[in-house]
Amino acid sequence: MTAKEIMTKDVFVIAADDKAQHAVEIMAHNDISGLPVVDDEDKLVGIVTERDLLLMEQEGPPAYKTALYGLWITPQHLVEQDARRRGLFVSDVMTKKVITFRPDDKAAEIAATMRDKGINRVPILDGDAIVGIVSRHDIMKALAEGKSLE
């Protein structure tokens, strides 16, 4: 079995210069956990995942609040840090070194690489064009249908 037999062909992508918050919205509204990142020529330049975006939320110190006369107040410098964090671009949080495969690569090789590298999805490229993506879900679906990855 090959990548083209199990890959998801309708791939959501995001531009490197989009706001990271936009990636959060795309993932949440489409029930996906990662997006290939492309440049102005639709060439793959990275990948952004739920993990990248969750780590974005953890950057900087925790937002401590101070009690003042029974009111909880967040110090201004923490408010400003949070605003900067929310203004991040996809290029600020994405993974730049992306493992990719070709449509004719073996599904078993893809599954083994994903397991060994601890990754959840890989873009499938034909030349420089993104033609699909293989996720753990795609592999599990093939296995559930009784297909062999070999």
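# Salt bridges, cores and a sheet in a predicted model

Colleague: Which relative accessibility does Lys4 have, and how is Lys4 classed?

Modeller: The model is a predicted one. Lys4 has a relative accessibility of 41%. The buried class ends at 20% and the exposed class begins over 50%. Because 41% falls in between, Lys4 counts as partly exposed.

Colleague: With which residue does Lys4 form a salt bridge?

Modeller: The closest N and O atoms of the pair are 2.6 Å apart, and the cut-off for a salt bridge is 4 Å. The pair links distant parts of the chain, with Lys4 in helix α1 (residues 3-6) and its partner 100 residues apart, in the loop between α5 (90-93) and α6 (107-117). That partner has 52% relative accessibility and therefore counts as exposed. The residue that forms the salt bridge with Lys4 is Asp104.

Colleague: How many salt bridges does the structure hold?

Modeller: One of them joins Lys4 to Asp104. In another, the side chains of Arg115 and Asp116 meet at 3.0 Å, N to O, and both Arg115 and Asp116 are exposed. Glu145 and Lys147 also meet through their side chains in a salt bridge, at 3.0 Å from N to O. The number of salt bridges in the structure is three.

Colleague: What relative accessible area does Lys147 have?

Modeller: Its salt-bridge partner, Glu145, is partly exposed, at 46% relative accessibility. Lys147 is likewise partly exposed, with a relative accessible area of 35%.

Colleague: Which helix gives the most to the largest nonpolar core?

Modeller: The largest nonpolar core has 16 residues, and those touching the most other members are Ile6, Ile110, Val122, Ile124, Val134, Ile139 and Leu149. At least two residues of this core come from each of α1, α6, β6 (121-126) and α7 (136-144). With five residues, the element that gives the most is α6.

Colleague: Which residues does Ile110 touch, not counting those up to four places away in sequence?

Modeller: Ile110 is among the residues of the largest core that touch the most other members. Leaving out residues up to four places away in sequence, its contacts are Ala3, Phe101, Asp105, Val122, Ile124 and Val134.

Colleague: What is the order of the strands in the open sheet of three strands?

Modeller: The edge strands, each pairing on one side only, are β1 (14-15) and β3 (44-49). Strand β2 (residues 34-38) runs antiparallel to β3 and is joined to it by five bridges, and Gly34 stands opposite Thr49 in β3. The pairing in the sheet is mixed, and the strand order is β1-β2-β3.

Colleague: At about what angle to β2 does helix α2 run?

Modeller: Helix α2 spans residues 20-30 and lies across β1, β2 and β3. Just after α2, Asp31 takes a positive phi of about 55 degrees. The angle at which α2 runs to β2 is about 135 degrees.

Colleague: Which exposed residues does α2 carry on the face turned away from its buried side?

Modeller: The buried residues in α2 are Ala20, Ala23, Ile26 and Met27. These residues cover an arc of only 115 degrees around the axis, so they lie on the same side of α2. An α-helix has 3.6 residues a turn, so residues three or four places apart point the same way. The face turned away from the buried side of α2 carries the exposed residues Ala28 and His29.

Conventions: Residues are numbered from 1 along each chain as its sequence is written. This is a predicted model: local features need pLDDT of at least 70, side-chain atom pairs count only at pLDDT 80 or more; totals for chains, interfaces and linings use all residues. Side-chain values use heavy atoms; hydrogens and water are left out. Helices (H or I, at least four residues) and strands (E, at least two) are DSSP runs, numbered from the N terminus. Buried means under 20% relative accessible area, exposed over 50%, partly exposed in between (1.4 Å probe, protein chains only). A nonpolar core is a set of buried Ala, Val, Leu, Ile, Met, Phe, Trp, Tyr and Cys residues joined through side-chain atoms within 4.5 Å. Contact means heavy atoms within 4.5 Å. Two strands pair if DSSP finds at least two bridges between them. Axes are lines fitted to C-alpha atoms, for helices over the stretch in contact, and angles run from 0 to 180 degrees between N-to-C directions. The arc is that of the directions from the helix axis to the C-beta atoms.
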